[in-house]
Amino acid sequence: MTQLQVNTSRPYRIAVENGSLPRLGAFAQEVFRPGARAMLVGDSNVLPLYGEAARRSLEEAGFSCARFSFPAGEASKQLSTVQALYGALAEHAFTRSDFLVALGGGVTGDLTGFAAATYLRGVGFLQVPTSLLAQIDSSVGGKTGVDLPQGKNLVGAFHQPRFVLIDPQVLSTLPPRFFADGMGEAVKYGCIRDRALFEEIASHPVREDPERLRRMIYRCVDCKREIVERDEYDTGERMLLNFGHTLGHALEKLHGFSGLTHGGAVGVGMVWISRAGERAGLTEPGTAARIAAALERCGLPTGDSAPLPQVLEATRLDKKSRDGVLNLVLLRRIGEAFVHPVPRSEVEAFLEGCNHA
Ligand SMILES: NC(=O)c1ccc[n+]([C@@H]2O[C@H](COP(=O)([O-])OP(=O)(O)OC[C@H]3O[C@@H](n4cnc5c(N)ncnc54)[C@H](O)[C@@H]3O)[C@@H](O)[C@H]2O)c1
């Protein structure tokens, strides 16, 4: 199986096919009218690698193609980049019949999607994710947005792409650090939804085997599809995707968003929260150790020396915190997640000692 359909308010398809990037134009023909114009958006690392193949394919399919490039990195995920992109769209007189193409990692997808959600009150866009994290997570589900100096992802919109084209072959150029980062999210999908996927990741290296890697991406995307379909606007079940993220975000913040990567921080968060779940009798014994072993196999950390009181302090602004209650995502066992609300006043006691095996 190589294609999936996401049944959101506007359904769309996802193709997960090795070597599919040169067929981008043919996929675009399925969702955009002939003669429409495309704005190809990418960062300073990805456009030089894959921009030309994408442009050629779009033009061969009859779409004229403009380009917008920005400096690679999270620092570009801000309103000034989106404003420059609006300017490029307006200069080329883009209309609502034209479309944007996000060719890159999660930063590109998030900011391009946000520009598409807001330019002329909404134009279509395609996701062509090129990092592992973007392929298994951020390109699917329609969350778009940018950061503010006060925090990450504070401005955004729900805007589903018209098509997601995933070519796992482009991951051959992804630096190992970013590959490991994406594997942290893959372990997460196994933990919350798919025990067999977890076992596969825990027992086999995937990067060197193109078909195994493709299948892993497909299964992660399928997990996300299922959750997004049930909760498109993130009012309930989608919270499960945040397994490991409450503590992970706090650790990222304490490390000043450098040193510990997002995937690394989420990995530590998954181990710690599972240890707390085990101690509370809510999580099957041995779960935290199994997650730690899987993360280690992927080259990710399994612990951190940050003091727990500081980590707890850093969770105070967590989006999963409502009315004095922190909604923690726990596992019953590998493959089965649930939300466990804990009153703020009891969070410290619940998590006590979770940072030590
Ligand atoms: N919208 C969502 O649902 C969602 C979900 C999770 C994360 N995110 C967001 O995703 C972002 C992180 O995504 P990311 O890790 O992909 O970051 P990124 O877009 O910065 O990409 C990581 C790095 O890899 C490079 N790169 C990407 N593909 C490459 C390739 N094939 N070859 C060589 N280099 C390549 C990029 O240039 C960049 O330097 C964060 O901003 C996060 O908030 C969004």
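How do the residues of the shell around the ligand divide into nonpolar, polar and charged? Keep that in mind as you open the viewer, and remember throughout that this is a predicted model.

**Stop 1: the ligand**

Select the ligand and show what lies around it. You should find 30 residues surrounding the ligand, and the closest are Asn 45, Gly 105, Gly 106, Ser 131 and Ser 138. Next, colour the elements that give two or more residues to this shell: helices H2 (46-60), H4 (106-118), H5 (132-138) and H6 (176-193), together with strand S8 (151-158). Now for the opening question: the shell has 10 nonpolar, 12 polar and eight charged residues.

**Stop 2: the two domains**

Zoom out and give each domain its own colour. Domain 1 covers 3-174, and domain 2 covers 177-351. Their C-alpha centres lie 27 Å apart. To see where they touch, select the contact, which takes 22 residues from domain 1 and 22 residues from domain 2.

Stay on the domain 1 side for a moment. Strand S1 (3-6), strand S2 (12-16) and H5 are the elements that give two or more residues to the side touching domain 2. Which element provides the largest share of that side? Select H5, which contributes five residues. Sorted by class, this side of domain 1 has 13 nonpolar residues, eight polar and one charged.

**Stop 3: the largest nonpolar core**

Hide the ligand and turn to the interior. The largest nonpolar core has 108 residues, and Leu 100, Val 101, Val 187 and Cys 191 have the most contacts inside it. With your domain colours still on, look for both of them here: this core draws at least three residues from each of domain 1 and domain 2.

Pick Cys 191 and display what is around it. Setting aside neighbours within four places in sequence, Cys 191 is in contact with Phe 198, Phe 243, Met 270, Ile 291, Leu 331, Ile 334 and Ala 337.

Then move to Ala 294, which you will find in helix H11 (residues 287-297). Is Ala 294 buried or exposed? Ala 294 counts as buried because it has 27 C-beta neighbours inside 10 Å, where the cut-off for buried is 20 or more. Beyond its neighbours within four places in sequence, Ala 294 is in contact with Val 187, Phe 198, Ile 201 and Ala 202. Try a distance label too: Glu 200 is 94 residues away from Ala 294 in sequence, yet the two are 9.6 Å apart in space, C-alpha to C-alpha.

**Stop 4: strands S9, S2 and S6**

Select strand S9 (residues 163-166) and show its side chains. In a regular strand the side chains alternate between the two faces of the sheet. In S9, Phe 163 and Leu 165 point one way while Val 164 and Ile 166 point the other, and all are buried.

Add the partner strands. S2 runs parallel to S9 and is joined to it by four bridges; in this pair, Val 16 has Ile 166 as its bridge partner. S6 (124-129) also runs parallel to S9, with two bridges between them, and Gln 127 stands opposite Val 164.

**Stop 5: the S7-S8 hairpin**

Select strand S7 (residues 143-148) along with S8. These two strands form a hairpin with two residues between them. They run antiparallel and are joined by five bridges, and Val 146 sits opposite Val 155 in S8. Five of the six residues of S7 are buried, so this strand is largely enclosed by the rest of the structure.

**Stop 6: the loop after H4**

Now centre on the loop between H4 and S6, where Leu 120 lies. Leu 120 has a positive phi of about 50° although it is not a glycine. It counts as partly exposed because it has 13 C-beta neighbours inside 10 Å. Arg 121 is found in this loop between H4 and S6 too, and its phi is positive as well, near 60°. Because Arg 121 has 7 C-beta neighbours inside 10 Å, it counts as exposed.

**Last stop: Asn 327**

Finish in strand S11 (residues 325-333), the place of Asn 327. Asn 327 is partly exposed, with 16 other C-beta atoms within 10 Å. For a final distance label, choose Phe 94: it is 233 residues from Asn 327 along the chain, and their C-alpha atoms are separated by 43 Å.

How values were computed: Residues are numbered from 1 along each chain as its sequence is written. This is a predicted model: local features need pLDDT of at least 70, side-chain atom pairs count only at pLDDT 80 or more; totals for chains, interfaces and linings use all residues. A residue is near a molecule or strand if its C-beta atom, placed from the backbone, lies within 6 Å of it. Ala, Val, Leu, Ile, Met, Phe, Trp, Tyr, Cys and Pro count as nonpolar, Asp, Glu, Lys and Arg as charged, and the others, Gly among them, as polar. A nonpolar core is a set of buried Ala, Val, Leu, Ile, Met, Phe, Trp, Tyr and Cys residues joined through C-beta atoms within 7 Å. A residue is buried if 20 or more other C-beta atoms lie within 10 Å of its own, exposed if 12 or fewer, and partly exposed in between; C-beta atoms are placed from the backbone. Domain bounds come from an automatic or database domain assignment. Two residues are in contact if their C-beta atoms, placed from the backbone, lie within 7 Å. Two strands pair if DSSP finds at least two bridges between them.
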